[in-house]
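Student: Could you take a close look at one part of this structure with me? I would like to follow the charged pairs and then see what surrounds them.

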Amino acid sequence: MSVTIETPNRPRSRKQANWEKYGWLFMRVSGPLLVVLVFTHLVVNLVLGDGIKAIDFAFVAGKWADPFWQVWDLAMLWLALIHGTNGMRTIVNDYTEKVKVRKALTTTLWAVCALLILLGTLVIFTFDPCPAGASADLLASFCPAA
Amino acid sequence: MADQAVPTIDSFTVTLFVRRFDPETDQEPKWVDYDVEMFGTDRVLDALHKIKWEQDGSLTFRRSCAHGVCGSDAMRINGRNRLACKTLIKDLDISQPIYVEPIKGLPVEKDLIVDMNPFYQAYKDINPFLVANDKPEKERLQSPEDRARYDDTTKCILCAACTTSCPVFWTDGQYFGPAAIVNAHRFIFDSRDEEAQVRLDILNDKEGVWRCRTTFNCTEACPRGIEVTKAIAEVKQAILRGRV
């Protein structure tokens, strides 16, 4: 015969659903990814080929004409901003004691993050490599005006 | 025999700065210095005893066993959390004064005594007892390998040195703290316990294991040498995998 011994405690009351586990996981995954993304970005832009001297409007236009670099920069933008904002949120949680201040600061953080992601994404996908009326020596070689 | 000189034992004088606070007269804690004569075998606790017994009886601190087992006399000595009864004076830099303060992050009640209730509450919240639902008719056997999984975390004496060295705990005191997680680890990884998942759910709280920033202050502070940060990381992994 087996008996069931009643659990001698009540469940913890302050427990509520939260995203902390996923936040933690995101930081662990996005961190190493960002190291690869950012350092490759730096090497490609600043070291390879003509190095830093190659960077001008045409260089950027050339890179963003390639879907590979569009996705690369998009990933870098999203991951860096969310990673950074979540890190800032952690600091806010550490240093604020009043619930209202904490709420206000984290809301501001995520609003700024969302705005920057929106603007950045917009630039990457709506970027015009051959703007009309630009002087020919600034344009990329594939532009009709160049 | 009578002519033979009795060998003298070298003694030295050390200055102790003790952070003192009397709630009946003081608004703020203040440093008070004491000179005490000590021997090479004396510990910080002996210095505090000497002050209390010979210089100022109002000095207040906790101690019970005085041999590193009961965990009563954790305090901040020269900026590090240690047990006063396990810290030899000669191991500190005695050319400088020794600074003794109450552990941080818990409300100071008097001198070196802090209110431990928030600390114990976090401990209680993780259900620090074995839960096994079958009738206890015979011994619950466990292999040495299963025992070894949580051996390290059985060493905790609840002195609070780890929790009160944690910068995340200092901020608002809401974090469960290393000691509670260590004691949860002790049951989560115990093969005889049946409520690992309940404890993992409790520690998946907003103020649970995810607030750990792996600064290793707790591991460094533990007077029992428990690898606290490692234990916290194991609990994180168990929550992520959903099993122990």
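Tutor: Happy to; here is a walk through chain B, with its salt bridges at the centre. This is a predicted model, in which local features need pLDDT of at least 70 and side-chain atom pairs count only at pLDDT 80 or more, while totals for chains, interfaces and linings use all residues. Residues are numbered from 1 along each chain as its sequence is written, chains are lettered from A and ligands numbered from 1 in the order in which they are written, and side-chain values use heavy atoms, with hydrogens and water left out.

First, the setting. Chain B holds eight helices and seven strands, where helices (H or I, at least four residues) and strands (E, at least two) are DSSP runs numbered from the N terminus. Its C-alpha atoms fill a box of roughly 70 × 55 × 30 Å along the principal axes. Of the 244 residues in chain B, 48% are buried, a label for under 20% relative accessible area, with exposed meaning over 50% and partly exposed in between (1.4 Å probe, protein chains only).

Now the charges. Chain B carries 33 positive and 39 negative side chains, and the centres of the two sets lie 5 Å apart. Here Lys and Arg count as positive and Asp and Glu as negative, leaving out His and the chain ends; each charge is placed at NZ of Lys, CZ of Arg, CG of Asp or CD of Glu. Over all chains there are 18 salt bridges, each a side-chain nitrogen of Lys or Arg within 4 Å of a carboxyl oxygen of Asp or Glu.

One of them joins A:D94 and B:R211, at 2.7 Å from N to O. This pair crosses between chains: A:D94 sits in helix α3 (residues 67-95) of chain A, and B:R211 in the loop between α6 (196-203) and α7 (217-221) of chain B. Both A:D94 and B:R211 are buried.

Within chain B, the side chains of B:D111 and B:R20 form a salt bridge at 2.9 Å, N to O. B:D111 lies in the loop between β6 (108-110) and β7 (113-114) and B:R20 in strand β1, so this pair ties together parts that are 91 residues apart in sequence. B:D111 is buried at 2% relative accessibility, and B:R20 is buried too, at 9%.

A third example is B:D26 with B:K30, whose closest N and O atoms are 3.1 Å apart. B:D26 is buried at 16%, whereas B:K30 is partly exposed at 41%. Shared partners also link A:D94, B:E207, B:R211 and B:R213 into one salt-bridge network.

Strand β1, home of B:R20, leads us to the sheet. β1 (residues 11-20) pairs in the parallel sense with β5 (residues 98-101) over three bridges; strands pair if DSSP finds at least two bridges between them. B:L16 stands opposite B:I98 in β5(B). Strand β3 (residues 74-77) runs antiparallel to β5(B), joined by two bridges, and B:R76 has B:E101 as its bridge partner.

Finally, helix α5 (residues 178-188) of chain B has eleven of its eleven residues buried, so it is largely enclosed by the rest of the structure. Its buried residues include B:N183, B:H185 and B:R186. Among the elements covering them are α6 and α7 of chain B, the two helices that flank the loop of B:R211.

Notes
Contact = heavy atoms within 4.5 Å.
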